[in-house]
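Me: Please take one part of this chain and look at it closely for me, and then lead me from there to its surroundings. I am new to protein structures, so explain each term as you go.

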Amino acid sequence: MLAFGCSAVRAQGTVPDKELVVATKEAPPFAMKQQDGSWGGISIDLWKRIADGAHLRFRLVETQSVQDLIDGVAKGTFDAGVAAVTVTAARARGVDFTQPFYNTGLGIAVPVNESPWVSIGRALLSFGFFQAVGLLLGFALAVGFLIWLFERRKTEHFSGGAKGLGSSFWWSTIAMTQAGAAANAPATLPGRIVATGWMIASVIAIAVFTAGITSTLTRRELQGAVHGFNDLRSVRVGAVTNSATADYLTRQQLSFRAFPDTQSGLSATSRGEIDAFVHDKPLLTWVVRNDFSTSIRVVDTSFSSERYAIVLPKGSALRPMLDLATLDQIESDWWQRTLFQTLGNARSP
């Protein structure tokens, strides 16, 4: 099928009979530069198989960033771009993309070990903690107000306006902590009924509150402060500048610190300068596994949707042939073996 498609396209004179200039950028394991200057990786191997099948002559040219690759293809400096380039609407306005050859999502890298005191501090300063404390204090004030209504005319300690109301609030708070509630207790039957109910309810509330805090600290110790996208809003986040990840975080109104590349972002994560680094998950997993395995781990979850494709200039005559060739390759047994041997999974997510 591939040979027939390429022959048909060549017969129409749409494939240029010249050496193609193909841009790439290091993005292990999709595009990797070897010590001898040659290139390999999932994307590069895919391009080489397509080029061999279509008898295309080409040379690879390295760019410093994905944006440089995109700009060069858009200007016609390069005939194609092959690496780990995500298809986005903004990019599609300036260049064309072939059929996607890999589907993935964004991943999160976090430090392996977090100080227990840092975990405790984050738990105590979290919105959930303040919400729970506010709820308990709100109940205490409501009970104190009821006690004051029942006792203000019959119990001297709770009599008067602001002074009696303040005493009621204070007694309600003491009763909630189960410390010294017998002193200056309500004397009327309605007041004692409210006080009894409040002391029983407060025992349960304090137990639930304590269990929640303990559970949060335990989870942070075992899993870290970040184990999903929503946790990114309460920590220091990093991402590669001018990347699809940065665009996604911006759309989500999530602030982040920009880094020039993955290595620098992960280095900052390992030093504790940021709490989480977000990037394409397969690229993130590869770099962490090879360079930061003792200090950083990748969270199991992933989010968003990323599709990698070959980049072409607008209206490129290569696109019909490359679309068909790409589909032919990713449906082959070779592609499944390549993904399994490189990434450990036989299919893209």
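Reply: Strand β1, residues 19-24, is mostly covered, since five of its six residues are buried, where buried means under 20% relative accessible area, exposed means over 50% and partly exposed lies in between, found with a 1.4 Å probe on protein chains only. This is a predicted model, in which local features need pLDDT of at least 70 and side-chain atom pairs count only at pLDDT 80 or more, while totals for chains, interfaces and linings use all residues. Residues are numbered from 1 along each chain as its sequence is written, and side-chain values use heavy atoms, with hydrogens and water left out.

Strands (E, at least two residues) and helices (H or I, at least four) are DSSP runs numbered from the N terminus, and two strands pair if DSSP finds at least two bridges between them. Strand β1 is joined by six bridges to strand β4, residues 57-62, and these two run parallel; threonine 24, for example, has glutamate 62 of β4 as its bridge partner. Strand β1 also runs parallel to strand β5, residues 80-81, with two bridges joining them, and here alanine 23 is partnered by glycine 81.

From this strand we can turn to the helices, beginning with helix α2, which holds serine 43. Serine 43 is buried, with a relative accessible area of 1%. Leaving aside neighbours within four places in sequence, serine 43 is in contact with Phe30, Val82, Ala83, Ala84 and Phe101, where contact means heavy atoms within 4.5 Å.

Two packed helices are described by the angle between their axes and the distance between the axes. An axis is a line fitted to C-alpha atoms, for helices over the stretch in contact, and angles run from 0 to 180 degrees between N-to-C directions. The axes of helix α2 (residues 42-54) and helix α12 (residues 319-330) come within 10 Å and cross at roughly 120°. That angle makes α2 oblique to α12, because angles under 35 degrees count as roughly parallel, over 145 as roughly antiparallel, 65 to 115 as roughly perpendicular and the rest as oblique. The crossing of α2 past α12 is right-handed, which means that the near helix is turned clockwise from the far one by less than a right angle, whereas an anticlockwise turn would be left-handed. Leu46, Trp47, Arg49, Ile50 and Ala54 of α2 make this contact with Met321, Leu322, Ala325, Thr326 and Gln329 of α12. By class, these comprise seven nonpolar, two polar and one charged residues, with Ala, Val, Leu, Ile, Met, Phe, Trp, Tyr, Cys and Pro counted as nonpolar, Asp, Glu, Lys and Arg as charged, and the others, Gly among them, as polar.

Helix α9, residues 244-251, offers another covered stretch, with Ala244, Thr245, Ala246, Tyr248 and Leu249 buried. The cover over these buried residues of α9 includes α4 (89-92), β7 (102-111), β8 (237-240), β10 (276-280) and β12 (303-308). After α9 comes glutamine 253, whose phi is positive, near 55°.

To set these parts within the whole, the chain has 13 helices and 13 strands, and buried residues make up 42% of its 349 residues.
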